[in-house]
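User: Could you take a close look at one strand for me and walk me through how it sits among its partners? I'd love a connected picture rather than a list.

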Amino acid sequence: MTVKHKRFICMALFMVMAVTVTACSNKTDSEDTLENTGEEKQAGIELPYELDDGRLVLNSIFQSSISNPDCNDENGENTASVEVINQSDQFLASADIEVMLEDETTLNFKIEDIPAGGTVWAFEIDNTGIDENYVCESVSCDAEYEDDMPMMAESLSFEAEGTTVTIQNLTDGQLSGLEASFHCLFDEGVYYGGTTYTYPIDTIPAGGSISLEVPECYLGTAEAVRVTQAGE
């Protein structure tokens with residue numbers, strides 16, 4: 001393991017701590033009142049917060065000082081980050097989430113290819129940072145789903161060990177013109193980053209297998225989440 005990889009693993013562990021420390025730091029004390037009016041103070045939405053008719057849950061908003069996989073791996077300090085759970089029974093093909101803070105800061109997150117029941121940590125796509133005492137005023141979401149996970153499960157099997165993925169052709173014919181997309185499955189059982197990493201697969205012989213390296217997933221395991229074939 002290189003020094004660079006160790007440094008990023010330490011950063012990721014710090015982020016896990018940040019989830020616990022800052023996820024609920026948004027101000028939600030409904031007992032505060034406006035001065036001289038007696039009216040309830042509007043202190044933003046409370047988390048967890050359901051999106052898209054309850055199919056998704058925005059579980060937390062927190063800070064991360066990392067190399068941001070959702071912003072071309074650019075380094076960020078206190079980058080706005082979210083934990084989102086797909087609690088639907090469908091495959092989440094894509095979701096664009098916009099969070100508006102009390103200070104009029106707009107945060108944008110893009111999530112791809114999350115299986116039913118999956119959890120993802122996504123990071124602000126422009127590396128926008130937040131204070132630990134943020135107030136979340138509103139959240140909007142535009143999402144698309146698929147009924148089944150697009151994995152060609154009758155034709156292919158996947159076995160991952162770290163960043164190395166073995167792909168087995170289960171058919172008696174050659175498969176060609178494939179593309180496979182992967183998420184980094186972090187040790188905590190969540191997908192690290194909203195983005196996926198897509199690799200072309202030229203040919204897998206009948207009954208044969210190939211090995212594929214997905215180095216972007218060095219913080220965990222390269223988990224296949226989508227497979228497509230030319231013409232589909």
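Analyst: Happy to! In this predicted model, strand β6 (residues 91-101) pairs with strand β7 (residues 106-114) in the antiparallel sense, with eight bridges between them. Two of the facing pairs can be named: Glu98 has Asn108 in β7 as its bridge partner, and Met100 is matched with Thr106 of β7. β6 and β7 form a hairpin with four residues between the strands, and there Glu104 adopts a positive phi near 75 degrees.

Now for the other partner of β6. Strand β9 (residues 136-146) is joined to β6 by ten bridges, and these two strands also run antiparallel. Here Ala95 is found opposite Ala143 of β9. As a general reminder, strands of a sheet pair through backbone hydrogen bonds, in either a parallel or an antiparallel way.

Put together, the three strands make an open sheet in the order β7-β6-β9, with antiparallel pairing. β7 and β9 are the edge strands, and each has a single partner strand, so one side of each has no neighbour in the sheet. On average, neighbouring strands of this sheet are turned by 10 degrees against each other, with direction ignored.

How many of the eleven residues of β6 are buried? Taking buried to mean under 20% relative accessible area, the count is eight of the eleven, so β6 is largely enclosed by the rest of the structure. If you are looking at side chains as you follow the strand, keep in mind that in a regular strand they alternate between the two faces of the sheet.

Definitions and conventions: Residues are numbered from 1 along each chain as its sequence is written. This is a predicted model: local features need pLDDT of at least 70, side-chain atom pairs count only at pLDDT 80 or more; totals for chains, interfaces and linings use all residues. Side-chain values use heavy atoms; hydrogens and water are left out. Buried means under 20% relative accessible area, exposed over 50%, partly exposed in between (1.4 Å probe, protein chains only). Two strands pair if DSSP finds at least two bridges between them. Axes are lines fitted to C-alpha atoms, for helices over the stretch in contact, and angles run from 0 to 180 degrees between N-to-C directions.
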